[in-house]
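Please read the following account alongside the sequence and the coordinates, taking the cysteines before the aromatic rings.

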Amino acid sequence: MDQLLQQSKEILEKAIRDYSAYAQVVMFSGGNDSRLAYWVMKALDYAPDALVHGVTGTGIQECHEYCGQFAAANNERLILADYGAGESYRRRLLEKGWFGRGLKAHMMAYHILKNRPFRVAISQH
């Protein structure tokens, strides 16, 4: 376990160094992956500047509530990336239909639902 934490620390420090990071955030869905990323970061003695939760309009309200509760219970700042992604996604589906299958379709959906809202949220904080 110590070796894995050391590898994680090296990856995190390289990313901070290579990208001249002025802040460290955890993109936080509330799922297992983002909770693990949060706890690994804490175990490495890094304090995230914020948790960023994407409100895509496709999820369930309880998920958003859980993210707020998690942030409050751990005394973390929560930034909601909520910039109408769900409505953009819905309009795209109604106008042009489903994206298709595979990586290309996934990437199109990702850019509409997450990429832009996350970038806007981070740039405003």
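A disulfide is taken here as a pair of cysteine sulfur atoms within 2.5 Å. By that criterion the structure, which is a predicted model, holds zero disulfides. C63 is in no disulfide, and the nearest cysteine sulfur, that of C67, is 4.5 Å away; because a disulfide requires the sulfur atoms to lie within 2.5 Å, a separation of 4.5 Å does not qualify. C67 is likewise in no disulfide, with the sulfur of C63 as its nearest cysteine sulfur. As for their surroundings, C63 is partly exposed, at a relative accessible area of 26%, whereas C67 is buried, at 0% relative accessibility.

The aromatic side chains come next. How many aromatic pairs does a search of the whole structure find? The search finds five. In one of them, the ring centres of Y38 and W39 are 4.8 Å apart and the planes stand at 75°, so this pair is edge-to-face. Y38 is buried, with a relative accessibility of 1%, while W39, at 42%, is partly exposed.

Y38 also pairs with F70, again edge-to-face, with 5.2 Å from centre to centre and 80° between the planes. Since Y38 belongs to helix α2 (residues 32–43) and F70 to helix α3 (residues 61–73), this pair ties together parts that are 32 residues apart in sequence. Both Y38 and F70 are buried. Taken in a wider view, Y38, W39 and F70 join F28 and Y66 in one aromatic cluster.

Technical notes
Residues numbered from 1 in each chain as written. Predicted model: local features only at pLDDT ≥ 70, side-chain atom pairs only at ≥ 80, totals over all residues. Heavy atoms only, no water. Buried < 20%, exposed > 50% of the residue type's maximum accessible area, 1.4 Å probe, protein only. Phe/Tyr/Trp six-rings, centres within 6.5 Å; stacked < 30°, edge-to-face > 60°. Helix = DSSP H or I, 4+ residues; strand = E, 2+ residues; numbered from the N terminus.
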